[in-house]
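Work through the exercises below with the coordinates open. Try each task before reading its solution.

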Amino acid sequence: MIIAGFGPGGRALADRLGIMGVSYSIVELNAATVTRQARLGRRVVFGDASNAEVLETAGLSEADAVIVTIPDDQATLRAIQVARQAAPDVFIGARMQFLSGKVPALSLGADEGTVVEVATAVALEKELLGALSKWMEKRERGAASGA
């Protein structure tokens, strides 16, 4: 598997893949991140995921999947297009910042897209409303006890 972009999303994916015993390589433009990950023994390539040579260096011809976690929709769309042209049968997953980017991602060849603004809405509902519910229960218990 190739993980293009090694910010929080790419790292979370890598952690899960490591637990599952799935090998992966990283494509990253941040030189400090590349150096750090190489020191940790990870297979990492410095470069732009929208460059076919960079993807090939990362192992595209052997990869089952390319997951693009770049926080820039235009760069992600370019990476999807290049990956799909170079590897017609590979699974491509993409992180899109905005809902408006999902349809173009799919039309360029992504098999699946996760939309950050939708994922954030789900997290807000779950986390903030859960915390609010606990807070309200605590407040009601305090009112019932006369505190």
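**Exercise 1. Classify Phe98 by exposure, then place it in the fold.**

Solution. Start with the accessible area. In this predicted model, Phe98 has a relative accessible area of 44%. Buried requires under 20%, and exposed requires over 50%. Phe98 is therefore partly exposed. Next, locate the residue. Phe98 sits in the loop that runs between β5 (91-96) and α5 (102-107). Now list its contacts, skipping residues up to four places away in sequence. Phe98 then touches Asp73, Val115 and Glu117. Finish with a distance. Phe98 and Val44 are 54 residues apart along the chain, and their C-alpha atoms are separated by 28 Å.

**Exercise 2. Repeat the analysis for Thr114.**

Solution. Take the element first. Thr114 belongs to strand β6 (residues 112-115). Then take the exposure. Its relative accessible area is 48%, so Thr114 is partly exposed. Leave aside neighbours within four places in sequence. The contacts of Thr114 are then Ala94, Arg95 and Met96. Last, check the separation from Gly142. The two residues are 28 apart along the chain, with 41 Å between the C-alpha atoms of Thr114 and Gly142.

**Exercise 3. Decide for two serines: is each buried or exposed, and what does each touch?**

Solution. Begin with Ser25, in strand β2. The relative accessibility of Ser25 is 2%, so Ser25 counts as buried. Beyond neighbours within four places in sequence, Ser25 is in contact with Met1, Ile2, Ile3, Arg43 and Ala58.

Move to Ser50, in the loop between β3 and α3 (52-57). Its relative accessibility is 18%. The cut-off for buried is under 20%, so Ser50 also counts as buried. Now look for polar partners. The Ser50 side chain makes a polar contact with the side chain of Asp48, at 2.8 Å. Not counting residues up to four places away in sequence, Ser50 touches Arg78, Ala79 and Val82.

**Exercise 4. Find the buried face of helix α2 and describe both ends of the helix.**

Solution. Step one: pick out the buried residues. In α2 (residues 31-39), Thr33, Val34 and Gln37 are buried. Step two: look down the helix axis. The buried residues of α2 fall within an arc of 100°, so they line one face of the helix. Step three: ask what that face meets. The buried residues pack against β2 (25-28) and β3 (43-46).

Step four: inspect the N-terminal end. Asn30 caps α2 there. A side-chain oxygen of Asn30 lies 2.9 Å from the backbone nitrogen of Ala32. Step five: go past the other end. Gly41, just after α2, takes a positive phi of about 90°.

**Exercise 5. Characterise the largest pocket: what is its volume, and which residues line it?**

Solution. Get the volume first. The largest pocket holds about 200 Å³ of space. Then count the lining. It consists of 16 residues. Nearest the centre of the pocket lie Gly5, Val27, Glu28, Leu29 and Ile70. Assign the lining to elements. Both β2 and α4 (73-86) supply at least two lining residues each. Finally, sort the lining by chemistry. Eight residues are nonpolar, five are polar and three are charged.

Definitions and conventions. Residues numbered from 1 in each chain as written. Predicted model: local features only at pLDDT ≥ 70, side-chain atom pairs only at ≥ 80, totals over all residues. Heavy atoms only, no water. Buried < 20%, exposed > 50% of the residue type's maximum accessible area, 1.4 Å probe, protein only. Helix = DSSP H or I, 4+ residues; strand = E, 2+ residues; numbered from the N terminus. Arc of directions from axis to C-beta. Contact = heavy atoms within 4.5 Å. Polar contact = N/O pair within 3.5 Å; in protein donor to acceptor, adjacent residues only side chain to side chain. 1 Å grid on protein atoms, 1.4 Å probe; cavity = no way out; pocket = protein on both sides within 12 Å on 5 of 7 lines; lining within 4 Å. Points joined across faces, edges and corners; volume = space filled by probe spheres on them. Nonpolar A, V, L, I, M, F, W, Y, C, P; charged D, E, K, R; others polar.
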